[in-house]
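Colleague: I have a protein chain to learn from. Could we go through its fold step by step?

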Amino acid sequence: MSRRRFIAGAVCPRCAKMDTIVVDMDADLRECVDCGFQEARPQAPSSSELPTRVSRGLSRRTETAAEPVRLMDLSISTKKDS
Ligand SMILES: [Zn+2]
């Protein structure tokens, strides 16, 4: 009944075997068929349940982009003041 898909190249965190991880599309679980390891599927795309994980990539991009601007801003205002 459940739809399961193997994740190519995925490594089980418990038994460290490759290509043994399946994703259960209905239950939102990932599972190792070899050792029985189970974990909630991390990349749930829809909800706001995991805002940190979802926004992590985005905020990282913003941080990187803003950093040189802040540095420039600081050095300019320092020169102006002195
Ligand atoms: Zn395993």
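Colleague: In what order do the elements of the protein chain run from the N terminus on?

Modeller: Keep in mind that this is a predicted model. The protein chain has 1 helix and 4 strands. Read from the N terminus on, the order is β-β-β-β-α.

Colleague: What order do the 4 strands take in the sheet?

Modeller: The sheet is open, and its pairing is antiparallel. Neighbouring strands are turned against each other by 25° on average, direction ignored. Across the sheet, the strand order is 1-2-3-4.

Colleague: Which strands are the edge strands?

Modeller: Look for strands that pair on one side only. Residues 4-6 form one such strand, and residues 38-40 form the other. The edge strands are therefore strand 1 and strand 4.

Colleague: Over how many bridges do strand 1 and strand 2 pair?

Modeller: Strand 2 covers residues 21-24. Two strands count as paired if there are at least two bridges between them. Strand 1 and strand 2 meet that in the antiparallel sense, with 3 bridges.

Colleague: Which residue in strand 2 is the bridge partner of Arg-5?

Modeller: Strand 1 spans residues 4-6, an edge of the sheet. Its neighbour in this pairing is strand 2. There, the bridge partner of Arg-5 is Val-23.

Colleague: Is Asp-19 buried, exposed or partly exposed?

Modeller: Asp-19 sits in the loop between strand 1 and strand 2. Its phi is positive, about 65°, although Asp-19 is not a glycine. A residue is buried at 20 or more other C-beta atoms within 10 Å, and exposed at 12 or fewer. Asp-19 has 14, so it is partly exposed.

Colleague: And Asp-28: buried or exposed?

Modeller: Asp-28 lies in the loop between strand 2 and strand 3, where strand 3 is 29-32. Phi of Asp-28 is also positive, near 55°, and this residue is other than glycine. Because Asp-28 has 12 other C-beta atoms within 10 Å, it is exposed.

Colleague: What distance separates the C-alpha atoms of Asp-28 and Arg-4?

Modeller: Along the chain, Asp-28 and Arg-4 are 24 residues apart. In space, their C-alpha atoms are separated by 9.9 Å.

Colleague: What share of the residues in the protein chain is buried?

Modeller: Buried means 20 or more other C-beta atoms within 10 Å. The protein chain has 82 residues. The buried share of these is 5%.

Colleague: What share of the contacts with a separation of 6 or more joins residues 24 or more positions apart?

Modeller: Start from the contacts in the protein chain with a separation of 6 or more. Then keep those between residues 24 or more positions apart. They account for 7%.

How values were computed: Residues are numbered from 1 along each chain as its sequence is written. This is a predicted model: local features need pLDDT of at least 70, side-chain atom pairs count only at pLDDT 80 or more; totals for chains, interfaces and linings use all residues. Helices (H or I, at least four residues) and strands (E, at least two) are DSSP runs, numbered from the N terminus. Axes are lines fitted to C-alpha atoms, for helices over the stretch in contact, and angles run from 0 to 180 degrees between N-to-C directions. Two residues are in contact if their C-beta atoms, placed from the backbone, lie within 7 Å.
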